[in-house]
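Good morning, everyone, and thank you for making time for this short talk. Please have a look at the sequence and the structure as they come up, and then we will walk through some of the details together.

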Amino acid sequence: MVPIVFLLNGPNLNLLGKREPQVYGHETLEDVRALAEERAAAHRLTLDFRQSNHEGVLVDWIHEAREKAAAIIINPGAYTHTSIAILDALLASELPVVELHLSNVFRREPFRHHSYVSLAARGLICGFGARGYALAVDAASGLIGQPKA
Ligand code: DQA
């Protein structure tokens with residue numbers, strides 16, 4: 001069976017490419033999806049790529065991942081810095097979690113330096129823009145021990 005990796009995107013990431021391009025780059029969500037899909041295919045993984053602006057929807061998707069996925073990659077957007085509900089769902093999933101950010105949150109405002117999600121993450125990729133999505137799939141593949149094609 002081909003392992004499934006959930007790649008979940010939080011609020012405002014639907015605006016990628018239009019939103020503060022000096023911070024987040026010019027690539028759209030579809031562009032980063034394509035980068036991630038390409039890496040997933042190289043690792044023989046199925047990627048389930050989603051975006052929601054709603055915290056509860058993200059929690060529901062993490063519960064779904066608990067049943068279906070081998071790993072979770074998550075860019076929780078601003079919920080990174082606020083959401084104990086997302087942290088608890090990730091801990092409950094008992095899955096390897098890769099935390100992902102386009103920007104280097106540590107070079108930005110102090111309120112972005114704290115992440116609840118990091119408490120559930122095996123590792124963190126941030127600051128590499130769209131390329132981070134490909135790197136995150138590489139990391140997830142390593143965590144689930146998937147041989148490369
Ligand atoms: C982000 C960083 C967060 O601080 C911010 O709220 C986002 C995007 C990133 O990908 O760099 O919405 O997660």
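Let me begin with the side chain of Ser115, where a polar atom lies 3.2 Å from the backbone nitrogen of Val117, and where a polar atom also lies 2.9 Å from the backbone nitrogen of Ser118. Please keep in mind, as I go on, that what you see is a predicted model. Ser115 belongs to the loop between β4 and β5, and with a relative accessible area of 13% this serine is buried, because the cut-off for calling a residue buried is under 20%.

Two other loop residues deserve a moment, and for both of them I would ask you to look at the backbone angle phi. Asn12, which sits in the loop between β1 and α1, the helix of residues 21-24, has a phi near 75°, and that is a positive value in a residue other than glycine. Glu94, in the loop between α4 and β4, likewise has a positive phi, near 55°, and is not a glycine either. Are these residues buried, partly exposed or exposed? Asn12 has a relative accessibility of 35% and therefore counts as partly exposed, whereas Glu94, at 69%, counts as exposed.

Now let us turn to the sheet. It is an open sheet of 5 strands, in the order β2-β1-β3-β4-β5, and the pairing is parallel. At the edges stand β2, residues 46-51, and β5, and since each of these has a single partner strand, one side of each is left without a neighbour in the sheet. If we ignore direction, neighbouring strands of this sheet are turned against each other by 20° on average.

We can follow the pairing from strand to strand, starting with β1, residues 4-9, which runs parallel to β3 and is joined to it by 5 bridges. Within that pair, Val5 has Ala71 of β3 as its bridge partner, and Leu8 stands opposite Ile74 of β3. The next pair is β3, residues 71-75, with β4, again in the parallel sense, over 3 bridges. Here Ile73 stands opposite Val98 in β4, and to get from β3 to β4 the chain passes through helix α4, residues 84-93, in a β-α-β crossover that is right-handed. Ile74, which we have just met opposite Leu8, stands opposite Glu99 in β4. Glu99 in turn stands opposite Leu124 in β5, and that brings us to the pairing of β4 with β5, residues 123-126, which is parallel and has 4 bridges.

Why can we describe β3 and β4 as largely enclosed by the rest of the structure? For β3, the reason is that 5 of the 5 residues are buried, and for β4, residues 97-101, the statement rests on 5 of the 5 residues being buried as well. If we look at the faces separately, β3 has Ala71, Ile73 and Asn75 on one side and Ile72 and Ile74 on the other, and all of these are buried. In β4, the buried residues are Val97, Glu99 and His101 on one side, with Val98 and Leu100 on the other, so that both faces are covered, as the burial of these residues shows.

Finally, I would like to come to the ligand. The residues that surround it include Arg19, Tyr24, Gly77, His81 and Arg112, and among them are also Asn75 and His101, which we met a moment ago as buried residues of β3 and β4. Which polar atoms of the protein come close to ligand oxygen atoms can be said for three residues, beginning with Ser103, where an N or O atom in the side chain is 2.6 Å from an oxygen atom of the ligand. For His101, a side-chain N or O atom is 2.8 Å from a ligand oxygen, and for Ala78 a polar backbone atom is 3.2 Å from an oxygen atom of the ligand. Taken alone, the ligand exposes 320 Å², and the protein buries 99% of that.

That is where I will stop, and I am glad to take your questions.

Definitions and conventions
Residues are numbered from 1 along each chain as its sequence is written. This is a predicted model: local features need pLDDT of at least 70, side-chain atom pairs count only at pLDDT 80 or more; totals for chains, interfaces and linings use all residues. Side-chain values use heavy atoms; hydrogens and water are left out. Buried means under 20% relative accessible area, exposed over 50%, partly exposed in between (1.4 Å probe, protein chains only). Two strands pair if DSSP finds at least two bridges between them. A crossover is right-handed if, with the strands pointing away from the viewer, the path from the first strand over the helix to the second runs clockwise. A residue is near a molecule or strand if one of its heavy atoms lies within 4 Å of it. A polar contact is a pair of N or O atoms within 3.5 Å; within protein, one must be able to donate a hydrogen and the other to accept it, and residues adjacent in sequence count only if both atoms are side-chain atoms. Accessible areas come from the Shrake-Rupley method with a 1.4 Å probe; for residues, only the protein chains shown count as cover. Axes are lines fitted to C-alpha atoms, for helices over the stretch in contact, and angles run from 0 to 180 degrees between N-to-C directions.
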